[in-house]
Amino acid sequence: MKSVKHLVADGSNYSHDEHMGFRGGMWSHAMTVQDYQDLIDRGWRRSGKYVYKPVMNKTCCPQYTIRCHALNFQPSKTHKKILKKVKKFLSKGEMPVGQCDDGCDGEPMDSAFEDGRGMPPVNPVKMQQSQVERPIMSSNPEDIDEARPATSETSREELASSPAVKGPRHLPKPGEGADPRKPLCRKAKDLRKERRLQKEQRRQDGEALTSPNPTPNQPKSLEEFITDSLPDDLLHRLEVRLVRSAPPSPQFKASFDASYQVYKLYQMAIHHDPPDKPSESQFKRFLCDSPLEAETSPDGPEVGYGSFHQQYWLDGRIVAVGVIDILPSCVSSVYLYYHPDFASLSLGSYSALREIAFTRQLQKQSPKLCYYYLGFYIHSCPKMRYKGQYKPSDLLCPETYMWMPIERCIPRLETSAYARLNEDAQAGDARALKDLGRALVLHRRTVMPYAAYARKRKGSSDEKEVEQYANLVGQTCAERILLYRA
């Protein structure tokens, strides 16, 4: 048998809870990043070392894996507003008042312990221009006459004698009209048109334009919105540090307690956990432990692959932490927590934008690493649709495991919470289980195909369980992953 690295898992079982619905899951001891990449491309996710997959056609709220095309991402108006809000705080120290307008708990994260509470509410209604520029007309005829301006035929005498005009009648003195020695006023649109023509003429003549933005039609990049126009004399300094969490790096160990304290405050304030629930051991199991092996590759990113924490340091202290996995094809968001004092800065959405920019940075070093995975998209829960705002994005078809543009998926999800997203009726799962006997198991420290294991263990009663597991991971992963059998 050829030598390969494997995931070693304890069993596979179906379970159900009130938040996550039906799912298959297993405890993983060690996993290559390619193994996990293949698994999340079949709808799996991890929470600590527990790896699970929702059973889409049985759960009440189907959870579709969603990914964003990081290279083609352009921030929306809402995203720009969030970036400007953070920049305003850093430069002037102005903290937004009240709750953040995109929801203080809009983190692109998923876990076996979270139920998606506190997602972004509907944006506040904006007043239309007509509502502030036009007076509200009363139904009282006298009020209407009072508010109606005099027409060109209305004489000064008629206006003065009108009963609708109340109070002292101080009428303006007659003027002499326009000053013939001054040029006539011109409309602003005519001035703008003239300036455009002048610029075009200079361009044709080969004159160098002195405008700071020589390509006005080119939209700003995400990176420009994050760093654009930040003054040198910032009131606050924000630094994002990447530290490896598994195995823990010296930087991670040195900042562990500060990071944990922020997590504890977050869980109590945002998720209303009692003080004893977000314990240090629970924090380690949930957000620090990971089955992913640290790997490096000649064509991979300089930081390597595996599990990391992105720490947001504000003026020398941690205010937020994004838990991420760097995989061969993507940056996968696991969780985001922040200090409650900074909730109004919309750090959940801000960190997602920073992670997209980070993905683009890694892609320059590793060409195939070009996606940003936001976890699960739940269309049947309106508060969980915010992940679809990071465009362009795809949803994973739960039957063919092919990626489909989210715009083509929405009509189907509007009709039914669970839907086959692939429109091609002939398409199937290319990695569907075909031969259970070739699935690998680890028995008594020996690696063997399941067929050999079944012959060795005559009368074994675990075939149904192993078959469930192999169907969930697919034929390719079943032949690479080692399933532990006692």
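This text describes a sheet in a predicted model, and the helices packed around it.

The sheet is open and has 8 strands, in the order S6-S7-S8-S9-S10-S5-S11-S12, and the pairing is mixed. Its edges are formed by strand S6 (238-246) and strand S12 (403-405). Each of these has a single partner strand, so one side of S6 and one side of S12 lack a neighbour in the sheet. On average, neighbouring strands of the sheet are turned by 35° against each other, with direction ignored.

Strands of a sheet pair through backbone hydrogen bonds, in either a parallel or an antiparallel sense. At the S12 edge, the pairing with strand S11 (residues 393-396) is antiparallel and runs over 3 bridges. In one of the pairings, Leu396 has Trp403 of S12 as its bridge partner.

Helix H11 (residues 347-363) packs on this sheet. H11 touches strand S5 (64-69), S6, strand S7 (306-314), strand S8 (317-326), strand S9 (330-338) and strand S10 (371-377). The direction of H11 makes about 155° with that of S9.

H11 also packs against a second helix, H2 (residues 77-92). Two packed helices are described by the angle between their axes and the distance between the axes. For H2 and H11 the angle is about 100° and the axes lie 10 Å apart. An angle of 65 to 115 degrees counts as roughly perpendicular, and H2 and H11 are therefore roughly perpendicular to each other. On the H2 side, the contact is made by His79, Ile82, Leu83 and Val86; H11 contributes Ser349, Tyr350 and Leu353. By class, this contact of H2 with H11 has 5 nonpolar and 2 polar residues, and no charged residues.

Terms used. Residues numbered from 1 in each chain as written. Predicted model: local features only at pLDDT ≥ 70, side-chain atom pairs only at ≥ 80, totals over all residues. Heavy atoms only, no water. Pairing = 2+ DSSP bridges. Helix = DSSP H or I, 4+ residues; strand = E, 2+ residues; numbered from the N terminus. Axes fitted to C-alpha atoms, helices over the stretch in contact; angles between N-to-C directions. Contact = heavy atoms within 4.5 Å. Parallel < 35°, antiparallel > 145°, perpendicular 65-115°, else oblique. Nonpolar A, V, L, I, M, F, W, Y, C, P; charged D, E, K, R; others polar.
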